[in-house]
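Grab a pencil and get ready for a few short exercises. Each one sets a task and then walks through a solution.

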Amino acid sequence: MTDTPTRTWRLSLAPVRRLPSWSVLAAGSLVGGLLGGAYGMLTPPTYTATSYVVAVPTGKTEVNSALGFAQAYGRVATQLTVLADAREQAGVPVPTLQRSVQAATSPDAPMVAVSATSSRPALASDMANAVSQALIRQANAAKRSTHVQLVQFSKAAKPTEPTSASSEVTALVGAGAGGLLCGLALLARPRRTRQDDDPVPAASVPGPAAAADVHGQR
């Protein structure tokens, strides 16, 4: 009684197994491209604005000292004390600044880049400028002891183009990922073995001429 469902399942999978490999890859790429394009269209674009501040030595301080302080200020830029000072000018709470603001430094120049990301271009530039101004205030409050001050090098401008990937790019990425996954699945699938209900190959029987030769040799 259990043979009938098993046999029906195998018969239903037979057309799928007979499909060529290229059709499976094409189907995976098509589905992945559709999903990637839908993700790019439904996800709102994001904009990034960057403000630059530079560390300038005061008095007889060496340039290498300013470079070292720039590295230190780059790590301080996203700390709670700086963000709390910048929240009023930015117009957003501190948790939003923590998620949206990043700082980067250069190993060759005493410069700190403060970047902010938002779905609104104006808000991205406001957050970057607010954090850079707060960092300048925090650093210059100790310039008598550090002999290094921060100066605004370039303010963040309102971005005109999104930095997030477009729907065309996400569709291409999805198509590539879908084709790759289907290719790996084809490589990892088990080889088809003979089932119990498969026809057994008939045994080979020697022809009359071969049988006569065998009797003649005897």
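**Exercise 1: the faces of a helix**

Work out which residues of helix H4 are buried and how they sit around its axis.

Step 1. Helix H4 (residues 80–90) has Val-82, Leu-83, Ala-86 and Ala-90 as its buried residues. Buried means under 20% relative accessible area, exposed over 50% and partly exposed in between, with a 1.4 Å probe and protein chains only.

Step 2. Look down the axis of H4: the buried residues fall within an arc of 85 degrees, so they line one face of the helix. The arc is taken from the directions that run from the helix axis to the C-beta atoms.

Step 3. Turn to the face of H4 pointing away from the buried side, and you find the exposed residues Leu-80, Thr-81 and Glu-88.

Step 4. Gly-91 follows H4, and its phi is positive, near 80 degrees.

A quick word on ground rules: this is a predicted model, where local features need pLDDT of at least 70, side-chain atom pairs count only at pLDDT 80 or more, and totals for chains, interfaces and linings use all residues. Residues are numbered from 1 along each chain as its sequence is written, and side-chain values use heavy atoms, with hydrogens and water left out. Helices (H or I, at least four residues) and strands (E, at least two) are DSSP runs, numbered from the N terminus.

**Exercise 2: two helices meet**

Describe how H4 crosses helix H6.

Step 1. The axes of H4 and H6 (residues 121–140) come within 8 Å and cross at roughly 130 degrees. Axes are lines fitted to C-alpha atoms, for helices over the stretch in contact, and angles run from 0 to 180 degrees between N-to-C directions.

Step 2. That makes H4 oblique to H6. Under 35 degrees counts as roughly parallel, over 145 as roughly antiparallel, 65 to 115 as roughly perpendicular, and the rest as oblique.

Step 3. Among the residues making the contact (heavy atoms within 4.5 Å) are Val-82 and Ala-86 of H4, and Met-127 and Ala-130 of H6.

**Exercise 3: the sheet**

Find the strand order and the edges of the open sheet.

Step 1. The 4 strands come in the order E2-E3-E1-E4, with antiparallel pairing. Two strands pair if DSSP finds at least two bridges between them.

Step 2. E2 (101–105) and E4 (148–154) stand at the edges with a single partner strand each, so one side of each has no neighbour in the sheet.

Step 3. E1 (residues 47–57) and E3 (residues 111–118) are joined by 8 bridges; Thr-48 has Thr-117 in E3 as its bridge partner.

Step 4. E2 and E3 share 5 bridges, and a hairpin joins them through 5 residues.
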